[in-house]
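This report covers selected local features of one protein chain. The sequence and coordinates follow.

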Amino acid sequence: MLLFPEGGRSKDGLREFKEGAAYIAIKAGVPAVPIAMEGTREVLPMGSMQIMSGIVRLRVGDPIPTARLTLKDRTILTQKLREKVAELLSESATEPQNTR
C-alpha cells in the first residue's frame, strides 16, 4: 500500500506528516518504508491538470520495523518516517543529475 503522509502537495518543500501511515503500519504489523519522490513538481505543476514530460526519481529507504510498536508509538514513527524522507531528498540534492 502506498500512502502520502503529507496529505497534499506543497510549493516549498516537505510538509509535516499525518499519522495515518504509521497507524496502518503498526496495526498491520508491517514495516514502514520511507520513499522520496523527486521531479513531480516539474511533471505535474501545482494547479495544473496537465502532465508534462520529465523524469521522476524515487528514492527508497530502509524499512522501519513496527513489530514491537503500539499505537502509542505512532507519533514517533511518523517523525522517523519524515526524517528519513528528508534525508533521502537531501541525498538526492547532493548527487550529480543525469540529463537526457
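In this predicted model, the side chain of serine 90 reaches the backbone oxygen of glutamate 87 at 2.9 Å. Serine 90 belongs to helix 3, which spans residues 74-94. With a relative accessibility of 43%, serine 90 counts as partly exposed, because that class lies between the limits of under 20% for buried and over 50% for exposed. Alanine 36 is 54 residues away from serine 90 in sequence, yet the C-alpha to C-alpha separation of the two is 9.9 Å.

Two residues can be set side by side by element and accessibility.

| Residue | Element | Relative accessible area | Class |
|---|---|---|---|
| Serine 90 | helix 3 | 43% | partly exposed |
| Valine 60 | strand 2 | 57% | exposed |

Valine 60 is also one of the residues of a nonpolar surface patch. The other members are Leu2, Phe4, Val33, Ile35, Met37, Val56 and Leu58, and the patch has about 740 Å² of accessible area in total. At least two of the patch residues come from strand 1 (35-38), and at least two from strand 2 (57-60).

Helix 1 covers residues 20-28, and its buried residues are Ala21, Ala22, Ala25 and Ile26. These four lie on the same side of helix 1, because the arc they cover around the axis is only 125 degrees. An α-helix has 3.6 residues a turn, so residues three or four places apart point the same way. Lys27 and Ala28 are exposed on the other side of helix 1. Glycine 29 follows helix 1 and has a positive phi, near 70 degrees.

How values were computed: Residues numbered from 1 in each chain as written. Predicted model: local features only at pLDDT ≥ 70, side-chain atom pairs only at ≥ 80, totals over all residues. Heavy atoms only, no water. Patch = residues over 30% accessible without salt bridge, like charges linked within 9 Å, V, L, I, M, F, W, Y side chains within 5 Å. Areas by Shrake-Rupley, 256 points an atom, 1.4 Å probe, with all protein chains shown as cover. Salt bridge = Lys/Arg side-chain N within 4 Å of Asp/Glu carboxyl O. Buried < 20%, exposed > 50% of the residue type's maximum accessible area, 1.4 Å probe, protein only. Polar contact = N/O pair within 3.5 Å; in protein donor to acceptor, adjacent residues only side chain to side chain. Arc of directions from axis to C-beta.
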